[in-house]
Amino acid sequence: MEDHREDPQTGLVAALARARSPERPGPDTPAGAPVRAWAGPPLPIPQAGPAHLDLRTLLRLSLAASDTSGRLRPTPSAGALHPVDTELVVGTGCSLPPGRYGYDPLRHRVHHVGPPVDSTPPGVTAALSVTAQRTVSHYGHRAWPLLLLDTGHAAAALFLAARVLGAGESDVRMDGRTENPLAVVRIRPPYGRSPRHSAGTEDPPAPADLLARRSTPPPLVGLPPRDALRAVLSTAERAGGGDLLRWCAAVGPPRPGLMQLGPKGTTLRRYASGEARPTLAAWAAGQAWLADAGAVLLAHGCPADADATHIRRAHLRAGFAVHLAHVTALRHGLAARPVGSWQQADLGAALGAAPGRDWVVHALALGTHHADEESST
């Protein structure tokens, strides 16, 4: 059986400190199987009946690969390695009979792995864990923050797909207390709700919005309009776990600096002055294109003395919030690309505060269009 646990020799606290250091990963190692080897034969997901939660569409809009290579999934993943594994605990009111199932995102099939647990609620509960070796194979000691961010993205993808289907209010548990599962998403049956009357203050995205949420290849250029940037920041802050993380956006000319939401969330205000994007490019594993990005949304926090629970919670929540912000960006016509690998990215210290207290955890690069479009117009 594959080992999904954190490295017992280092622990997550030491693993994060090493990932934040300038040490470079070694040569690539084998990634292993691209999906978990679930027991039992692969089973198609039946078509949903009236008032049933449509699991076939839910998973197609959230976790399924668009081709057998696995690289075209609707959920961003560092290096397109997709380490997140999904076990479904299905209750009544679903298009699958009650039971426990492992999901194969490459074949869009499920494997029956056991009966439902006692007191399984109606709907489906998705338990998300990781096969760490898939990400370790390329990123080495930098893998664990990326694994947590990827899991947060997967949880957000399920959350958004449930909203599209008009399902009942989804419960997302990312408290950081457990290694396996890292996150749990419970989705209730729709009970006659329409997609436009599902929970939340904003209109839910359309299916096309979710299937279009590809990470735009770099470079991304063009300063986003203020209204679009405010909407992206607002989405991130609402989803970002309250005081767990703070959010700002680095912008370039004509007035370079860091922007954040005003007190009521209806305006943007300047958080710091000066050009930050070249420094961000150096911190983000030397991704030089970030220096010219139209804007860079930043999730920051998670101090150096945070314990393992805090680290998990902050990174899971950052991935979740950036995913929702990504969809908001696309709905406003922006190009967007998540950026997850950060070294020596002590934002607080760079702004003159005490070192080790305020690190970049995750980011979303934004632009009005892809730079290659300029040469084709």
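**Paired strands and a buried arginine**

Me: What makes S2 and S5 a pair of strands in this predicted model?

Reply: Strand S2 (residues 84-90) is joined to strand S5 (residues 124-130) by seven bridges. Pairing asks for at least two bridges between two strands, so seven bridges pass that mark. The two strands run antiparallel, and one bridge sets Glu-87 against its partner Ala-127 in S5.

Me: Good start! Why is S1 also said to pair with S4?

Reply: Strand S1 (residues 42-43) is joined to strand S4 (residues 109-114) by two bridges. The rule says at least two, so this pair counts. The strands run antiparallel, with Val-110 in S4 as the bridge partner of Leu-43.

Me: How do you know which strands are the edges of that sheet?

Reply: The sheet is open, with seven strands in the order S1-S4-S3-S2-S5-S7-S6 and antiparallel pairing. S1 and strand S6 (171-173) each pair on one side only, and these are the edge strands. Inside that order, strand S3 (residues 99-104) pairs with S4 in the antiparallel sense over five bridges, and Tyr-101 stands opposite His-112 in S4. Four residues lie between the strands in the hairpin of S3 and S4, where His-108 takes a positive phi near 55°.

Me: What lies across this sheet, and at what angle to S5?

Reply: Helix H4 (residues 143-164) lies across S2, S5, S6 and strand S7 (183-187). Its angle to S5 is about 165°. Angles between N-to-C directions run from 0 to 180 degrees, so a value of about 165° says that H4 and S5 point in roughly opposite directions.

Me: Now to the other sheet. Which strands are its edges?

Reply: Six strands form an open sheet, ordered S11-S10-S9-S12-S14-S13, with antiparallel pairing. Strand S11 (268-273) and S13 each pair on one side only, which makes them the edge strands. From one strand to the next, the twist averages 30°.

Me: And what makes S14 a mostly covered strand?

Reply: Nine of the nine residues in S14 (residues 359-367) are buried. Buried means under 20% relative accessible area, so each of the nine falls under that limit. S14 pairs in the antiparallel sense with strand S12 (residues 295-301) over seven bridges and with strand S13 (residues 335-339) over five. Leu-298 has Ala-363 as its bridge partner in S14, while Ala-336 stands opposite Leu-366.

Me: How do you know whether Arg-213 has a salt bridge?

Reply: Arg-213 sits in the loop between helix H5 (207-211) and strand S8 (220-221). Its nearest side chain of opposite charge is Asp-209, 9.8 Å away. A salt bridge needs a nitrogen within 4 Å of a carboxyl oxygen, so Arg-213 has none, although it is buried.

Me: Then what polar contacts does its side chain make, and why do they count?

Reply: The Arg-213 side chain reaches the backbone oxygen of Leu-210 at 2.7 Å and the side chain of His-323 at 2.9 Å. The cut-off for a polar contact is 3.5 Å, so both distances are within it. Beyond its neighbours within four places in sequence, Arg-213 is in contact with residues including Leu-61, Pro-74, Leu-160, His-326 and Leu-330.

Terms used. Residues numbered from 1 in each chain as written. Predicted model: local features only at pLDDT ≥ 70, side-chain atom pairs only at ≥ 80, totals over all residues. Heavy atoms only, no water. Buried < 20%, exposed > 50% of the residue type's maximum accessible area, 1.4 Å probe, protein only. Lys, Arg positive; Asp, Glu negative; His and termini not counted. Polar contact = N/O pair within 3.5 Å; in protein donor to acceptor, adjacent residues only side chain to side chain. Contact = heavy atoms within 4.5 Å.
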